[in-house]
Amino acid sequence: MKIYLIRHGRQCDKRCNVDVDLSEEGFLQADLAGRRMKHWGIQKVYSSDMVRARQTAETANKHWNVEHEVIPEFRELYFGEMEGMMPDQIPVVYADFQKEQDAMVKDLKYPGGESPGEVADRGMKALEKVVASGLDCVAVATHGVWIRAVLCRILGLDVAKWKLFGVTFENCSITELGYDPAKGFFTVERFNDYAHLENYPELLREAWGVKES
């Protein structure tokens with residue numbers, strides 16, 4: 001089974017994890033991803049219940065015309081007290097937390113929120129629902145920390161090291177998983193593939209001016 005994880009498109013608000021629409025650029029990113037994947041044999045698309053992920057799936061799905069199922073366990077990590085804050089505020093207010101997190105020793109809960117390990121736990125449960133479908137090829141519109149935490153779990157890494165995956169992790173990039181039901185484990189076939197965006201520098205995260213969380 002092939003599972004293509006798509007990080008959602010750029011949202012219309014830079015604040016931390018606010019549940020808002022895609023921006024104009026985000027819709028274009030999602031369209032480009034869907035167009036690139038048009039002949040990849042997508043049989044079904046899943047997404048989290050957050051607006052930006054649902055809209056990414058819906059936009060890409062214009063090129064596939066398959067069933068779309070929303071699974072809440074695909075939603076992004078809950079950042080707790082940081083939610084709604086601007087990116088330049090967080091390093092000032094939560095400098096001590098970020099310093100401890102960057103040491104990658106403990107799977108830390110965000111103040112008032114979740115830990116990446118908790119996200120990985122529910123993420124693996126969501127993937128179990130997907131593989132139980134019996135389909136051969138699906139897409140999932142989900143989120144940045146979700147993908148990196150799940151990759152840690154799949155590869156047997158300490159989830160505290162989730163930031164080792166992609167300092168620049170592009171919106172609407174593609175991460176491919178394989179799943180062999182006979183062997184019962186996932187493999188990582190590609191990560192952060194954004195070839196469909198390379199001719200559009202204005203669509204890359206560098207142009208948005210937001211430091212990776």
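This briefing describes the sheet, the nonpolar cores and one helix of the structure shown above. The model is predicted. Its open sheet has six strands with mixed pairing, and its largest nonpolar core has 39 residues. The helix α6 gives this core its largest share, eight residues, and α6 is therefore treated here under a heading of its own, with buried meaning under 20% relative accessible area.

**The sheet**

- Read across the open sheet, the order of the strands is β3-β2-β4-β1-β5-β6, and their pairing is mixed.
- The strands β3 (67-70) and β6 stand at the edges with a single partner strand each, so one side of each is left without a neighbour in the sheet.
- On average, and with direction ignored, neighbouring strands of this sheet are turned by 20 degrees against each other.
- The strands β1 and β4 run parallel and are joined by six bridges; arginine 7, for instance, has threonine 142 in β4 as its bridge partner.
- Helix α2, residues 51-60, lies across β1, β2 (44-47), β3 and β4, and runs at about 165 degrees to β2.

**The nonpolar cores**

- In soluble globular proteins, nonpolar side chains tend to be buried together.
- In the largest nonpolar core, with its 39 residues, those with the most contacts inside it are Ile3, Phe74, Met82, Leu127, Trp146, Leu177 and Phe186.
- The elements that give two or more residues to this core are the strands β1 (2-7), β4 (137-142) and β5 (174-180), together with the helices α5 (116-131) and α6 (144-155).
- A second core, separate from this one, has 16 residues, among them Tyr4, Ile6, Val45 and Ala57.

**The helix α6**

- With twelve residues, α6 reaches 17 Å from its first C-alpha to its last, which is close to the 16 Å expected at 1.5 Å a residue.
- The helix α6 is mostly covered, since ten of its twelve residues are buried, including Gly144, Trp146, Arg148, Leu151 and Ile154.
- What covers the buried residues of α6 includes the strands β1, β4, β5 and β6 (185-193), as well as the helix α5.
- Which residues is tryptophan 146 in contact with, leaving aside its neighbours within four places in sequence? They are Leu5, Glu73, Phe74, Arg75, Glu76, Val119, Arg122, Gly123 and Leu127.
- After α6 comes glycine 156, whose phi is positive, near 75 degrees.

Methods
Residues numbered from 1 in each chain as written. Predicted model: local features only at pLDDT ≥ 70, side-chain atom pairs only at ≥ 80, totals over all residues. Heavy atoms only, no water. Core = buried A, V, L, I, M, F, W, Y, C linked by side-chain atoms within 4.5 Å. Buried < 20%, exposed > 50% of the residue type's maximum accessible area, 1.4 Å probe, protein only. Helix = DSSP H or I, 4+ residues; strand = E, 2+ residues; numbered from the N terminus. Contact = heavy atoms within 4.5 Å. Expected span 1.5 Å × (residues − 1). Pairing = 2+ DSSP bridges. Axes fitted to C-alpha atoms, helices over the stretch in contact; angles between N-to-C directions.
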